[in-house]
Amino acid sequence: MLELQHVSVSYDGKPAVVDVSLDLPVGEVLAVLGPSGCGKSTLLRAVAGLEPVAGGSITWDGADLRGVPTHKRGFALMFQDGQLFNHLTVGRNVGYALRLRRAPRIPARVEELLDLVGLQGYADRLPSTLSGGERQRVALARSLAVEPRLLLLDEPLSALDAGLRERLAVDLRGILRAAGTPALMVTHDHEEAFTVADRLAVMRDGRVVQEGPIADVWRAPADPETALFLGYARVLRDDAARTVLASAGLPPAPAVAVRRSAIGVRDGGGLVGTVLASRATPEQVRLVVHLEGVGEVDAVASLDAHAAPGETVHCAVDATRLAILPMTDASLD
Amino acid sequence: MLELQHVSVSYDGKPAVVDVSLDLPVGEVLAVLGPSGCGKSTLLRAVAGLEPVAGGSITWDGADLRGVPTHKRGFALMFQDGQLFNHLTVGRNVGYALRLRRAPRIPARVEELLDLVGLQGYADRLPSTLSGGERQRVALARSLAVEPRLLLLDEPLSALDAGLRERLAVDLRGILRAAGTPALMVTHDHEEAFTVADRLAVMRDGRVVQEGPIADVWRAPADPETALFLGYARVLRDDAARTVLASAGLPPAPAVAVRRSAIGVRDGGGLVGTVLASRATPEQVRLVVHLEGVGEVDAVASLDAHAAPGETVHCAVDATRLAILPMTDASLD
Amino acid sequence: MRRALTLAALALLPVAVLGVFFVLPVSGMLARGFWPDGSFDPGGVISVLGRPRVHRVLWFTVWSASVATVVSVLLGLPAAHALHRREFPGRRVLRAALLVPFVLPTVVVGVAFRELLGESGPLGFLGLDGTPVAIVAGLVFFNVAVVIRAVGASWESLDQRPADAAAALGASPAQVFRTVTLPALRPAIVSAASVVFLFCATAFGVVLTLGGLRYSSVETEIYLLTTNLLDLQGAAALSVLQLVAVVALLLVAGRLRAVPDPSVSRVLPRPRRLSRQDWPGAMATLLLVVLVALPIGTLVLGSLQVEGSGWGLGNYRALTTRGTHQALLVPVTDALVTSLRTAVDATWMSLSLGLLVAVVVTRRSRSRAERRVRATLDGFFMLPLGVSAVTLGFGFLITLDHPPLELRDSPLLVPIAQALVALPLVVRTIVPVLSGVDDRQRQAAASLGAGPLRAVLTVDLPVVWKPLLAASGFAFAASLGEFGATSFLARDEHPTVPVVIFRLIGHPGPMNYGMALAASVVLAATTAVVMLVVERLRVPSVGAF
Amino acid sequence: EGDDSPATTAAGKIKDVVLVTHDSFFLPKKVVKDFEAQTGYHLVVKASGDGGTLTNKLVLTKDDPTGDVAFGVDNTFASRALDEGVFAPYSFDAPAGVSAYDLPGDDDHALTPVDNGNVCVNVDDTWFKAHDLAEPRTLDDLTDPAYQDLFVLPGAATSSTGMAFLLATVSAYGDAWPDYWKKLMDNGARVTAGWSDAYEVDFTQGGGKGDRPIVLSYDSSPAFTVPKGATASTTHALLDTCFRQVEYAGVLDGAANVPGAEAFVRFLTSSEVQEALPESMYVFPVVDGTSLPADWASYAMQPDQPYSVDPADVAAHRDEWLREWSDVTSQ
Ligand SMILES: Nc1ncnc2c1ncn2[C@@H]1O[C@H](COP(=O)(O)OP(=O)(O)OP(=O)(O)O)[C@@H](O)[C@H]1O
Ligand SMILES: Nc1ncnc2c1ncn2[C@@H]1O[C@H](COP(=O)(O)OP(=O)(O)OP(=O)(O)O)[C@@H](O)[C@H]1O
Ligand SMILES: Cc1ncc(C[n+]2csc(CCO)c2C)c(N)n1
Ligand SMILES: [Mg+2]
Ligand SMILES: [Mg+2]
């Protein structure tokens, strides 16, 4: 089990990871989410032993890892930009860790892993002749080949199309489960996090601002900023919050985070408003509506609804897409 | 205006782009979507003049571009992996094209562009000290600085978190609109395509399988494979198709593509089925349901619905989330 | 602490070798100058520096070496492009051929140049005999291969994509070259240029034979002062001047080499076909081929002319003999075997030391002090190039004569001295490439479970493999061609080919001159063949890890 | 006598005699074998550089010599070696004629003459015949406009041959030698770096077929320009322009094997070595009555009255003369 206690990492004195404490029991997958530049990759690099830890400790099964060089940690890190070995073929890249420990039947295992990431028959290609997504998949296969005690994945699927990403996320989950390998995975795809991970850590400015079982975090963001980062469209306060909560049949609260899809145009909905803007997406129409007693909010309508700007619409609130926030003194929206 | 006629590109004889014909009028943005390795980047490189065209022609305002070297085309290409100049600071990277043409007030313009991508004050940093997302944003700013006659963007926002991506997509749209710059943008994010682009081209195996105004393509995929790629969960045929269409109040058709959210668990829904599997996501519960008269389909339920595996549920069909497919002889699902 | 210890451990051997075989002898000679009669008298040395002749000599040395360096770089760059990034029939042969001058004994080349340029020679109408132009041409003749090799080794594996990126932002090929390619090549160019400058500034035979009397360089002056006049104060003064100049040069070169982020993306080289746009490279290559072919052609023709009996292979047949009137102690063929053997030893020595040095100086430093130490070490190993062979040779005699350093009769002395001269070439060829390796590649290897050695084999070896071959070619050639120190140290029964050639050319006798030419041609051909073979070596399978 | 001195060490190993010499040193293998057979010593040769280099090497290593015996220090450098105490005195009953070449001022008899030779101006007879021009004969002739642009010679600063010629002019003209050189240069003399450069490249009879018919070389050189089957040489030496060089051998002070060194010095004056000298080192023997090779007897003439300069003078003024010479010749 991996334990981080008050870990800080700096680059030339500039803090990149600040006072991070995390636990990762065997068999669990922790997704790390956070805005660009918040320190996710740095955190992974520190765990891998590639960045010196300025403060705090990283332990594995209780043993402090300070001073243990990267290659002796038994972890595998998949870099954000792949870092394939340009002069080795795809097959030799994937089989790298296998050759290091003189594993048996290497070619067969390599072919298996390439199959897994949808690159059958690519073994003899050179990395420089691959497409961006193909390269990323080779990097993923290469780190899976290690069969490490801990897998560190830095945005492993970001260069892939949605369909492939979903398929690989499910496969990844299966592999990690089957082997009981704990993993730390950076991602910016919420769906992917949900598919693969058990727990979720949200980082901001180098700190972990919230951590917990993935559904819990989503249901109850720790603060307005986290809520917004997690895809809640707005945070409503005071009267606005009260009105929306009432409409959803919930007791009043000082602040509530509202997903875009929480407010839907529905004939007979309890709230009335005027459409300010509308934009179609594949599934639905996205609206900005000025709701009486609430103010400007995001809302959705089905593709066949009449909801052009200026029209008056009735909206219903879906209680499952709201999150009541603990009130802090922050005044974000 | 950019015109591609029957363009083919091969790598060592292996075709990567096959017989692609596209038009891109001034002021329009064309999103290119397609699975990993289908030839999107190659298409952009060919337009930029970085790959020799094996067949067909690329013309700009009627003038054939064959033989016109890259730097004389007046296009700007943002590479999928950024390709920042490691030896130059962020500021000099962004100002690169400005210095080439001795533009006035370069530092101010650079600061403006860095501002735009959310990297104020990064001008003196070296690329190697940036996070993955920061690097991508510098590459974007660098290509925007060119103010080209045509912008070629290869997955410009893939390394960014959802919030930033959405903001930048909107900004990008604004910039392109304001300058009337046409753009060809590769993306694998459907939302992003919708936000930025006017038209959509779907590629598969080097060919453009469908092209048109973005909403049209989404509403009416050309074939089952395209439908699945565009995020339709399943393609139903024959009886199954008829049953679902009837339930949505639509006339029968031989094949229909169904989004996951098209079938929703709703008390009083017209279709009855048994839940086979269920998985919670941030917004809703995803189900696989065996529907009577239809078979296995994907469906959604709201987070508070009772829809554990084994339970019997009633489902309604949302007609706006179906797409009737022209029947081909392909037999995919 | 651990980093410091590793650094010290790796640097220990090279520093010790250089200390014993360079610092000690040279300081021994300098001491004789500064302590002329056992008491410290720097005044004598300082007064030498005031002589007008010294000023003239210094000025000539600096400007001729500078001009030759600039010309070598200007011609070498386009040629490196053509020979290392473009594919055309015969490019390997050309690459090997252009390195040939590097091993030719300067006396012989001087003679060949003079035969060409002399009043009655085929190029006599140019009126270049004895002019500075001839000297510069001679210096370029010898050294352009250094630029081609060292820069080519760095250029050939350079990733094309950054250049594409620049073009896609509107940069013309010239702008791409200036803003993208040149910065990536800069460390290699500066490295090569500094080595060339040192070779030219310490050139002995070329200046002597082509310069006639009017031009003498610091090196020829030291030679005169030491071997003829035994004016050790004067020699010490000039040696100190040389050292100061070298250190200054190294500081400047260090500045010029420094890039904010040296990492350069490298791929397996896939040269393109030669095309019309490549005319600068083609022209430069052609020009160089002519420059190199003319004197060598003269040599070959001369070697085929048997004195008294017209054309024939007589001179070559005579190589198995000891010359007319027994000019030699051993046949030239024996000397060739000695040369090759010595060169193999010198090559492995300089390669292993050079690799250690290169690794030590290219590791990323974590602190300013560490960076300083590494930079100082980097320059330290260049010093042997900047010091006169005479000073070094005499230094060996007077310092390595006491146990435990009773080494002046050791058979290893020759290969070691040659290895020291070749060491900077090795280091300067490898370092620019090695310092461009992105540390994250090594980290990737480590994060997959590879230990430090394995990481080096995986990441560094494949990248430096070609430069390493180029460097070993250099080392080999440098050893084959080394004359200055070797003539001092070689044992009589085991002379090397240049020593034998020197002997032949200085001895009257019908065939000795012809044999000297034939021996030079054989030496040249041997070098070319060895280069061709070496270039074909591939990364051994362990490196593919 | 030293002949029966112990040639083996206590352990019974053959003792080495280490000879330090210049790179022109050569003796036929058979001769060396004979020396080893006669004395029981093994000869080790360490040769490098020219006579000047050799001398300076000996001076620099005098506290810890690199060998036992030295050969090749000539009369232009010998004073320096004597002044520095490089050699140990060694007298023996030398064969007749040797003492005629003794170094002036070598009162302790540290150096034994071994060979002699003269640096003389050579001319290409065929060229002068073809051009119908009388050959020059004296140093003064060389400044005659009739011989403009015909003379090539190695420089004094870079060549021991050139240095010898400078000394010849010093001997001939005294303090006025710089004026002579000025005239020589004005008359188009070409100065090269080394002997081979002048002889092989520029001389009309050299290897490279040059364009100058007058060259500075040796009195022995004409012996090497006899065409195959011919009975006359195509060149001859101007015997009025010669400077005599004598090469000496001596036992090094501090030698490890003094008896061996002495044996070798004696051996060098033996008739076996003396007879081999012309063929192996292009020099004339010093022992009276030594027979010369046939070629030499007929083509290599020796001057009767060569120029010479007192070695002590050379030692005292070499530096100054060279500097002045450089100034004159590089104007
Ligand atoms: N230099 C090359 N040499 C040979 N084959 C190449 C080269 N570059 C790309 N390919 C191949 O051409 C096909 C198209 O590549 P391309 O990079 O255009 O894909 P893409 O659509 O951009 O994919 P992705 O979304 O993964 O970036 C791929 O199968 C790839 O393996
Ligand atoms: N080598 C470095 N030197 C200095 N600063 C660095 C270095 N690497 C990263 N940083 C800075 O540290 C912060 C955290 O970087 P990190 O790469 O961990 O971000 P990230 O969360 O992975 O972002 P992204 O999602 O964009 O990849 C950033 O502000 C970045 O600019
Ligand atoms: C002007 C000049 N002269 C000679 C050489 C040849 N050379 C110089 S150093 C060296 C290595 C051993 O000394 C060799 C072969 C050269 N490059 N430049
Ligand atoms: Mg990152
Ligand atoms: Mg791509």
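**Exercise 1. Chains and their contacts**

Determine how chain B and chain D are placed with respect to each other, and which pair of chains shares the most contacts.

*Solution.*

Step 1. Chain B and chain D are joined by no contact, where contact means heavy atoms within 4.5 Å. Their closest C-alpha atoms lie 49 Å apart.

Step 2. Chain A and chain D do not touch either, and their nearest C-alpha atoms are 50 Å apart.

Step 3. Four pairs of chains are in contact, and of these, chains C and D share the most contacts.

A note on conventions applies to every exercise. This is a predicted model, in which local features need pLDDT of at least 70 and side-chain atom pairs count only at pLDDT 80 or more, while totals for chains, interfaces and linings use all residues. Residues are numbered from 1 along each chain as its sequence is written, chains are lettered from A and ligands numbered from 1 in the order in which they are written, and side-chain values use heavy atoms, with hydrogens and water left out.

**Exercise 2. The magnesium ions**

Identify the residues that coordinate the magnesium ion (ligand 5), and state where they lie in chain B.

*Solution.*

Step 1. The donors to ligand 5 are the OG atom of S41(B) and the OE1 atom of Q80(B), at 1.9 to 2.1 Å. Donors are N, O and S atoms within 2.8 Å of the metal (3.2 Å for Na, K and Ca); water is not among the atoms, so sites may look incomplete.

Step 2. S41(B) belongs to helix α1 (residues 40–48) of chain B, whereas Q80(B) belongs to the loop between β6 (75–78) and α3 (90–94), so the pair ties together parts that are 39 residues apart in sequence. Helices (H or I, at least four residues) and strands (E, at least two) are DSSP runs, numbered from the N terminus.

Step 3. S41(B) counts as buried because its relative accessibility is 18%, while Q80(B) is partly exposed at 22%. Buried means under 20% relative accessible area, exposed over 50%, and partly exposed in between (1.4 Å probe, protein chains only).

Step 4. In chain A, the magnesium ion (ligand 4) is coordinated by S41(A) through OG and by Q80(A) through OE1, at 1.9 to 2.2 Å. This pair links distant parts of the chain, 39 residues apart: S41(A) is in helix α1 and Q80(A) in the loop between β6 and α3. Q80(A) is partly exposed, with a relative accessible area of 22%.

**Exercise 3. The site of ligand 1**

Explain why the site of ligand 1 is shared between chains, and describe its surroundings.

*Solution.*

Step 1. The site is shared because residues from chains A and B surround ligand 1. There are 19 such residues, and the closest are R125(A), S131(A), G133(A), S41(B) and T42(B). A residue is near a molecule if one of its heavy atoms lies within 4 Å of it.

Step 2. Next come the polar contacts, each a pair of N or O atoms within 3.5 Å. From chain A, an N or O atom in the side chain of R125(A) is 2.5 Å from an oxygen atom of ligand 1, and a polar backbone atom of T129(A) is 3.1 Å from a nitrogen atom of ligand 1. From chain B, a backbone N or O atom of G37(B) lies 2.7 Å from an oxygen atom of ligand 1.

Step 3. On its own, ligand 1 has 630 Å² of accessible area, of which the protein covers 88%. Accessible areas come from the Shrake-Rupley method with a 1.4 Å probe.

Step 4. Two or more residues of the shell come from each of α6 (132–144) of chain A and α1 of chain B.

Step 5. By class, the shell holds four nonpolar, eleven polar and four charged residues. Ala, Val, Leu, Ile, Met, Phe, Trp, Tyr, Cys and Pro count as nonpolar, Asp, Glu, Lys and Arg as charged, and the others, Gly among them, as polar.

**Exercise 4. Ligand 2 and T42(A)**

Locate ligand 2, and describe the position of T42(A).

*Solution.*

Step 1. Ligand 2 lies between chains A and B. Of the 19 residues around ligand 2, those that come nearest are S41(A), T42(A), R125(B), S131(B) and G133(B).

Step 2. An N or O atom in the side chain of T42(A) is 2.4 Å from an oxygen atom of ligand 2.

Step 3. T42(A) is placed in helix α1 of chain A and counts as buried, at 8% relative accessibility.

Step 4. Leaving aside neighbours within four places in sequence, T42(A) is in contact with V9(A), Y11(A), A16(A) and V17(A). The C-alpha atoms of T42(A) and A16(A) are separated by 6.9 Å, although these residues are 26 residues apart along the chain.

Technical notes: A polar contact is a pair of N or O atoms within 3.5 Å; within protein, one must be able to donate a hydrogen and the other to accept it, and residues adjacent in sequence count only if both atoms are side-chain atoms.
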